[in-house]
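Reader: Hey, got a minute to walk me through this model? I'd like to start with the surface and go from there.

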Amino acid sequence: MAEMWQLKPLLLLLAVVLGAMACTVAGDGGMPLVIPITKDAAATLLYSVSAPVAENDQITNHLVLDLSGPIIWSTCPDGYAALGCTSLPCMQAHRFHPPNCPQTGYGKPDADNPRRCKCTAHPHNPVSGDTASDDMTEFTTTVNTTDGKNPLKEVSFVVATSCAPESLLAGLPENDVGVVGLGRSELALPAQIAVKQKVVNKFALCLPSGGVDGVAIFGGGPLFLLPPGRPDVVATLAGDTPLVKHGKSPGYFISADKGIAVNQAQVQLDGNGLVVGLSSTIPYTELRSDVYWAFITAFNTSTAERARVTPAVAPFELCYNSTQLGSTRLGYAVPQIDLMLQGGKNWTVFGANSMAQVNDQTACLAFVEMKGEHKQYGYGGGATEAPAVMIGGFQMENNLLVFDEENQRLGFSSLLFGRQTTCSNFNFTMAA
């Protein structure tokens, strides 16, 4: 019985053709969309967006951002309509298969109509590592268009999502009901917006450090941050670098082909080049063990004269008396850290993104050792070697990142403090 729901070659071909057609309409002249980002600074350190449900203005879904997620998923209300197994979203949902989840075909018989196949998806929690199986469905959400300065007007559109059981919410912020995938797949939010709104498959992400909202803009366009008179941040990026693939992961990866430097001195590492991933669901940058200890040694040597706090505060290795570190407009006056990227540009990490304040008098180097098999690395099936570096949320805060899927590039602004602004300085007041 299960075999009748397996995807036939003709349907697979149809999915590929329709997917290509969908790509050709993106960028036809729609307007970019803007969404505020919040941080759960008191508990999980995760970042979330709000997705109002257009059919019921009393319901707003709060969803965790996942840069590696290939789909959107949430708990579903009673009475939702499941998509069929031969629908295009169903075929797209099965192009990425979560880790530790058996291949089970495309769906199951509909209890109300046994001749119909209901599409089954496999939502994955990037925090707990758990995976479930549930129905694919659709809902209509409402988001604001933008000119890069303010929200302009509301638009509504249908998004394909997966339902999920409440048990899959473990580890997410208290009021969140799911995850919005931003990864490199047709069912991630950027790709769905590109097709539905006829904009480019490109988004700008500016994570806040807490308190006031950060901002995400989908579909290209400029981004202006307060105070007034500041130039478009997108047009004045510090640099960009090619996006690269890493196994079957739908996440975003870049190449630090010249490695890492601390205080402008290259860290001595075995091998050539480092694969670097970006994750919005780990709080601090993780380094593979062979890279981590070389990096820690280099930073320790560069700060030999600084007053240490021992033992260090877990999960960190190096902690300092913050009252003696000194400060600049870019954070604590500590050695800068450079990822030396393919193409010749450096992603520079200054004190505001390298030192985490753990109490009133202690700041720690906010990089941790990668432990065991990371929950995100095997997404898509098959064993994949862990990347050398996974950049965590703390290191991305108050840096504008532009993920350009159409041109396969990642753009970065460097720390916005240097421009006397932050990711929390977008004006969310509706334009008159």
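Reader: How much area does the protein chain expose, and what share do carbon and sulfur atoms supply?
Author: The protein chain exposes about 18600 Å², with 52% of that supplied by carbon and sulfur atoms. Accessible areas come from the Shrake-Rupley method with a 1.4 Å probe, and for residues only the protein chains shown count as cover.

Reader: Any ground rules before I go on?
Author: This is a predicted model, where local features need pLDDT of at least 70 and side-chain atom pairs count only at pLDDT 80 or more, while totals for chains, interfaces and linings use all residues. Residues are numbered from 1 along each chain as its sequence is written, and side-chain values use heavy atoms, with hydrogens and water left out.

Reader: OK, what's the mean pLDDT of the protein chain?
Author: The mean is 88, and 84% of the residues reach 70 or more. pLDDT is the predictor's confidence in each residue, from 0 to 100.

Reader: And where does pLDDT stay under 50?
Author: Residues 1-28 are one such stretch, and residues 375-383 are another. For residues 1-28 the model has 33 contacts (heavy atoms within 4.5 Å) beyond four places in sequence.

Reader: Switching to the fold: how many helices and strands?
Author: Six helices and 28 strands. Both are DSSP runs numbered from the N terminus: helices are H or I with at least four residues, strands are E with at least two.

Reader: Give me one sheet. In what order do the four strands of the open sheet come?
Author: The order is S15-S14-S21-S22, with antiparallel pairing. Two strands pair if DSSP finds at least two bridges between them. At the edges are S15 (265-266) and S22 (346-349), each pairing on one side only.

Reader: Which helix packs on that sheet?
Author: Helix H4 (residues 289-302), which touches S14 and S21. Its direction makes about 20° with that of S14; axes are lines fitted to C-alpha atoms, for helices over the stretch in contact, and angles run from 0 to 180 degrees between N-to-C directions.

Reader: How many bridges join S14 and S21?
Author: Three, in the antiparallel sense. Ala261 has Asp338 in S21 as its bridge partner.

Reader: New topic, Val158. Where is it found?
Author: Val158 is in strand S8 (residues 151-163). Val158 is partly exposed, at 32% relative accessible area; buried means under 20%, exposed over 50%, partly exposed in between (1.4 Å probe, protein chains only).

Reader: What is Val158 in contact with, leaving aside neighbours within four places in sequence?
Author: Glu138, Phe139, Thr140, Gln192 and Lys196. The C-alpha atoms of Val158 and Gln192 are separated by 8.9 Å.
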